Amino acid sequence: MLKYDSYYFQCPCCQAWLEGRNLKSEFVNEAILYSDGKVLYDNYITTRQKMILCPSCGHAFWVEEPVEPFITVEKPNAAVYSWNTWRFFGISFSDNKGKQALIQHYRQFLAKTHYEPKKEIYLRRLLWWAYNDLHRNFQYIRWKYFLNGFMSYGVWSAYRRMLIEGEKIFLKSNKDFTENLQRLLTLLEKHPEEQIDMELPEIYRELRQFDKTKAILEQKTSRTHFTSELLYHSKWKDSRVFMVTG
Ligand SMILES: [Zn+2]
């Protein structure tokens, strides 16, 4: 069964056609939610990619409003660059080099020019998630994830090595990670309409300002699984991204 709906759009510079994909709404409930707001389905991020590097001419452009006539659901009668050729700028996530390359792409976009707040928030949020990708699912380094039989020893130990190396790179990048997150926080406080649910308490937690996280959550009237988990991780002064549901 097809899980994605395809759509098509053109590079404004060279007019090459690119194929995009959206997860069908009936599958959204099966996705994995992380504390930083990133949602994954089958290891694919479900947030639409708005900053595109054309695989044909290298031109960078935004696809902000996904509406016709810019985007069509009808397959054009021309050669089309598949989703994999441009999604995440063609980067592979199977090793830390790919993850670091993604970080560099966002840093370069941010360094190149001044963006309106909405766009800067989008890029800084994606940069934040890209840093977190270095040690996302860090719990898998524990033996119990091998022992429960979901992964062979070879697969588990390679994944474990990648996570441990990723954690080292993450810690080394702490200054840039923190600067980006502080700037994102400032922008989101100025533009609350751009915030996603639970984003502020999570940012404070990842900045290790656990008291702020607690203070925000205590103002909320309803307690959810997500808020309990945030409080639990804050209590233990754990600032690493974690899986909320999956
Ligand atoms: Zn192009």
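1. Start with Leu127. Leu127 touches Ile103, Tyr106, Arg107 and Asn180, leaving aside residues up to four places away in sequence. Three of these names return below, in the core and in a helix pair. Keep in mind that this is a predicted model.

2. The main core. The largest nonpolar core has 17 residues, and those touching the most other members are Ile103, Tyr106, Leu127, Ala130 and Tyr131. Two or more residues come from each of helix 2, helix 3, helix 6 (174-190) and helix 7 (199-206). Helix 3 is the main contributor, giving 6 residues. A second core stands separate from this one; it has 5 residues, among them Phe9, Cys11, Leu18 and Cys54.

3. Helix 3 against helix 6. Two packed helices are described by the angle between their axes and the distance between the axes. Here the angle is about 145 degrees and the axes lie 9 Å apart. The crossing of helix 3 and helix 6 is left-handed. On the helix 3 side, the contact includes Pro117, Glu120, Ile121, Arg124, Arg125, Leu127, Trp128 and Tyr131. Helix 6 answers with Phe177, Asn180, Leu181, Arg183, Leu184, Leu187 and Leu188. Leu127 and Asn180, both in this contact, also touch one another.

4. Overall form. The chain holds 9 helices and 10 strands. Its C-alpha trace spans about 55 × 50 × 35 Å along the principal axes. The radius of gyration is 19 Å, which agrees with the value near 18 Å for a compact globule of 246 residues. Of those 246 residues, 21% count as buried. Among contacts with a separation of 6 or more, 60% join residues 24 or more positions apart.

5. The mixed sheet. Strands of a sheet pair through backbone hydrogen bonds, either parallel or antiparallel. One open sheet of 4 strands has the order 8-1-2-9 and mixed pairing. Strand 8 (71-72) and strand 9 (80-81) are its edges, each pairing on one side only. Where does the mixture of senses come from? Strand 1 (residues 4-10) pairs antiparallel with strand 8 over 2 bridges. Strand 1 is also antiparallel to strand 2 (residues 17-23), over 7 bridges. Strand 2 and strand 9, in contrast, run parallel, joined by 2 bridges.

6. Partners across that sheet. Tyr8 stands opposite Thr72 in strand 8. Phe9 has Leu18 of strand 2 as its bridge partner. Leu18 in turn has Tyr81 of strand 9 as a bridge partner. Phe9 and Leu18 also both belong to the second core. Strand 1 and strand 2 form a hairpin with 6 residues between them. In its turn, Gln15 has a positive phi of about 65 degrees.

7. The antiparallel sheet. Another open sheet has 4 strands in the order 5-4-3-10, with antiparallel pairing. Strand 5 (44-45) and strand 10 (243-245) stand at the edges with a single partner strand each, so one side of each has no neighbour in the sheet. Strand 3 (residues 32-34) and strand 10 run antiparallel and are joined by 2 bridges. Leu33 stands opposite Thr245 of strand 10.

8. Positive phi in two loops. Most residues other than glycine have a negative phi. Asn137 has a positive one, near 65 degrees. Met198 does too, near 70 degrees. Asn137 is found in the loop between helix 3 and helix 4 (143-147), and Met198 in the loop between helix 6 and helix 7. Which of the classes, buried, partly exposed or exposed, fits each? Asn137 is partly exposed, because 18 other C-beta atoms lie within 10 Å. Met198 counts as buried, because 23 C-beta neighbours lie inside 10 Å; the cut-off for buried is 20 or more.

9. His114. Where does His114 sit? Its place is in the loop between helix 2 (96-112) and helix 3 (117-133). Is His114 buried or exposed? His114 counts as exposed, because there are 7 C-beta neighbours inside 10 Å, and 12 or fewer is the limit for that class. Between His114 and Trp143 there are 46 Å, C-alpha to C-alpha, and 29 residues in sequence separation.

How values were computed:
Residues are numbered from 1 along each chain as its sequence is written. This is a predicted model: local features need pLDDT of at least 70, side-chain atom pairs count only at pLDDT 80 or more; totals for chains, interfaces and linings use all residues. The radius of gyration is taken over C-alpha atoms; the globule rule is 2.2 Å times the number of residues to the power 0.38. Two residues are in contact if their C-beta atoms, placed from the backbone, lie within 7 Å. Two strands pair if DSSP finds at least two bridges between them. A nonpolar core is a set of buried Ala, Val, Leu, Ile, Met, Phe, Trp, Tyr and Cys residues joined through C-beta atoms within 7 Å. Axes are lines fitted to C-alpha atoms, for helices over the stretch in contact, and angles run from 0 to 180 degrees between N-to-C directions. A crossing is left-handed if the near helix is turned anticlockwise from the far one by less than a right angle, and right-handed if clockwise.
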